[in-house]
Every structure is written in structure tokens, then in C-alpha cells.
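I opened a new page for this structure. My plan is to look up one helix and then the enclosed spaces.

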Amino acid sequence: MTIEKKRNWKPATQLVHSGTMRSGFGETSEAIYLTQGYVYDTAEAAEARFKGEEPGFIYSRYANPTVDMFEKRMCALEGAEDARATASGMAAVTAAILCSLKAGDHIVAARALFGSCRWVVETLAPRYGIETTLVDGTKIENWERAVRPNTKLFFLESPTNPTLEVIDIEAVARLANSIGGRLVVDNVFATPLQQKPLTLGAHVVVYSATKHIDGQGRCLGGVILSDKKWIDENLHDYFRHTGPSLSPFNAWTLLKGLETLPVRVRQQTESAGKIADFLAERPEVARVIYPGRSDHPQADIVKKQMLGGSTLICLDLKGGKKSAFAFQNALDVVLISNNLGDSKSLITHPATTTHKNLSDEARAELGIGPGTLRLSVGLEDAGDLLEDIEQALKIAG
């Protein structure tokens, strides 16, 4: 039975209880339904289920009870009508972009994207005859100028990876509506607790659940959320036949991650704010970008559309790559990793890792220099993190 009480639950309560489906055993923790297929009482029941005349599960590539609980819980948090969970964040991004497009259509995307997201837009989509245009997403006039008669989709990250630019989601959504297009927003850096793209007018939201939703370095996952009509007409068949489905075990792990998401994100954001303020005063640091600071390039938009700061900080060291490497190597508590949103603090050098496949010119356009670093703040004591960062800066400086 599904446990879904009609109450105005706050996010923390939704993330513990929403979407729960208990078996006859009355288990407290959600059950893991590690099954590929399902048994029917009769041949007639199988026929009815395949026709959609009888509710129930058919095959775990299509849907699974544990995965269904994760999808419903994400819908409750995001305010979405429907969702599909995927095996990874990039599976979610790729499906959300390609499922509704055909040869001859046109995508407009913000140029500040995670390397793999940019590859899907800039390299993969054109192989199938889909035209693409990349723009500086921080100015709405750039989006307007890029629109063509065949523009069907807008895609952006906000805040962006790794320079934490913030894009006016509401303005881009209005433009999409004016031409009958759809806006897809990758909301990973904000988390569903700090920003609600659907309430700002976005049509589709995607997450790499690998990041904050699991947030403990355990598993991969992704999720796509939208209105039921769009999912039924565009995503459903794409998802069913291409098979990017999330495993039941990973869905269970992500359900457990959702239970502690508010506690983790709150502490991580609080610590990140302290570290960003500390870094801004250091002589070794040329630039700090953090959505919670008044000197953020889009501080007015941050205030308008985000409910809090971020768990991530972008910084530039004055000594370039040599100093960036020395700083990373001198860290003790903070670990070198290309992941983010973890309970452990992680740092990466985008120019040589996540964005290494971009040209020097493309990285320069995005503000990624040889001294740029992306810091994902974890759950360690903020004092220990500040002490670790300070000693590493002295060595790098």
C-alpha cells in the first residue's frame, strides 16, 4: 500500500515520508524490490496490464516499486506531476534533451555547461540533424537573438559548473513560452532545496542524483521531472525503449539519501559561506565566486530565485596552474576528486579534469583559467576546513 497523506508537509518531512509504499509486512524502511520481472495471476491479467487496463508493474526496465517510491518522493519535493529516474545524471540530461527533438529542430543552450552536458548539446545532437547554438546565458538578449523558427528547446545549468554563474530562469522560461518551446534546467548545483525551477516557469528539471541526493559517494543516479503530459508524450517511450533505467538498489540508496538531504545541505551551505568569505580576504586568491555573497556577478538574480547559497565555491589562485596544483596537493582534509555534493569536501581543477576537452578559447570564454578551482564543501567541521585551506594556501602562495 502507498502511504501518502494529504498534508502541507515541509520539505524535510516530505523527504522522510513521501511516496512510501509498504508491503504486507509493514516494514519501516522502504523495501528493495530486486526483481527484473513480475508474475501475473492469469493470462488475462497479463494482457490487461500490458494494455494499461490494470495497474501494476510489467518489467523493471519500465518501472519498479522501489524506483517508483524514489520518483514520487522527488515529485513531492520538486512540485512536479511526474518523474522518471535514470541510471546516472548524464542519462537524465541526454534523455531530457533528445526525447522530444527530431532532425531539423534547434537547441539554444547556455555555453557554461558541465563538459559532458556540453558534448551532448554541441557534438551528439548535431549528429542526428539537430542544430545547436551556445550563448552567454547570463544575458536574456543573447537567448532572444539565438532564437530561430525551428527552435524547440532551451537548456541551462544554474548555478553553472564550475564558475557558478546564475541565469535568470524566469526570463528564459518566458522566452521559451513565447515561441512554444520548452526550458530544461539542470538544477544540480542549487539542489531542490535552494531553487525550484518549475515554480520559476521551467518545463523540465534534471538532476544528477549522484551528487547531493545521494551525497555520500555510494551510487550513481539521475532523475527527470516535468508535467505528466510531457512525460507521457515525449519521455515515456524514449525511456521504455532505450533503457536508461535506475536499478532498484540505487533507488533505495537514494531514498535513504533524501532523508538526510536538508540536514546535509544546510550545514554544507553554512560552511561554504564561511569559507568563501575567508578566501575573499586571502592575498593568494585572485577571485572568489559564491552565490551567497553580495559581490557575485548576478547577485540580484540569486536573491530573486534562490532560497540560499550553494555548497560549492569557485576560486582562482594568482599563481595559475602551478599554485592550483600545489594548493590541492597540500590539502589534508579536503580530497582531490571530480565529484561534488559529497559529505566529504572535494576539490578539482576543471581545466585538467571536468572541462579538459574544451579548447583554451572555450575555457577562457567560461572564465576557467589555469588557476581556477572548484571546491565542494562537505560535512567536516568548518574550523577544520578553514585551517586546512589556510595552511595549503600558505604553501601554494
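Which residue just after α7 takes a positive phi? I found that Gly180 does, at about 75°. I note that the model is predicted.

Entry on helix α7. I looked up the other end next. At the start of α7, a side-chain oxygen of Asp168 comes to within 3.3 Å of the backbone nitrogen of Glu170. The helix covers residues 169-179. I listed its buried residues as Ile169, Ala171, Val172, Ala173, Leu175 and Ala176. I then checked what they pack against, and found α6 (140-146), β6 (151-157), β7 (182-186) and α12 (299-305). I added a reminder that an α-helix has 3.6 residues a turn, so residues three or four places apart point the same way.

Entry on cavities. I found two cavities of 30 Å³ or more.

The largest holds about 40 Å³ of space. I copied out its lining: Ser60, Arg61, Tyr62, Ala63, Asn64, Val67, Glu71, Ala85, Phe239, Ser245 and Leu246. By class I have six nonpolar, three polar and two charged residues there.

The second largest has a volume of about 30 Å³. I noted Val188, Thr191, Pro192, Tyr207, Ser208, Ala209, Lys211, His212 and Ile213 as the residues that line this second largest cavity. The elements giving two or more residues to that lining are α8 (191-194), β8 (204-208) and α9 (210-214). Of the elements, α9 gives the most, with three residues. I sorted the lining of the second largest cavity into five nonpolar, three polar and one charged.

Conventions:
Residues numbered from 1 in each chain as written. Predicted model: local features only at pLDDT ≥ 70, side-chain atom pairs only at ≥ 80, totals over all residues. Heavy atoms only, no water. Buried < 20%, exposed > 50% of the residue type's maximum accessible area, 1.4 Å probe, protein only. Helix = DSSP H or I, 4+ residues; strand = E, 2+ residues; numbered from the N terminus. Contact = heavy atoms within 4.5 Å. Polar contact = N/O pair within 3.5 Å; in protein donor to acceptor, adjacent residues only side chain to side chain. 1 Å grid on protein atoms, 1.4 Å probe; cavity = no way out; pocket = protein on both sides within 12 Å on 5 of 7 lines; lining within 4 Å. Points joined across faces, edges and corners; volume = space filled by probe spheres on them. Nonpolar A, V, L, I, M, F, W, Y, C, P; charged D, E, K, R; others polar.
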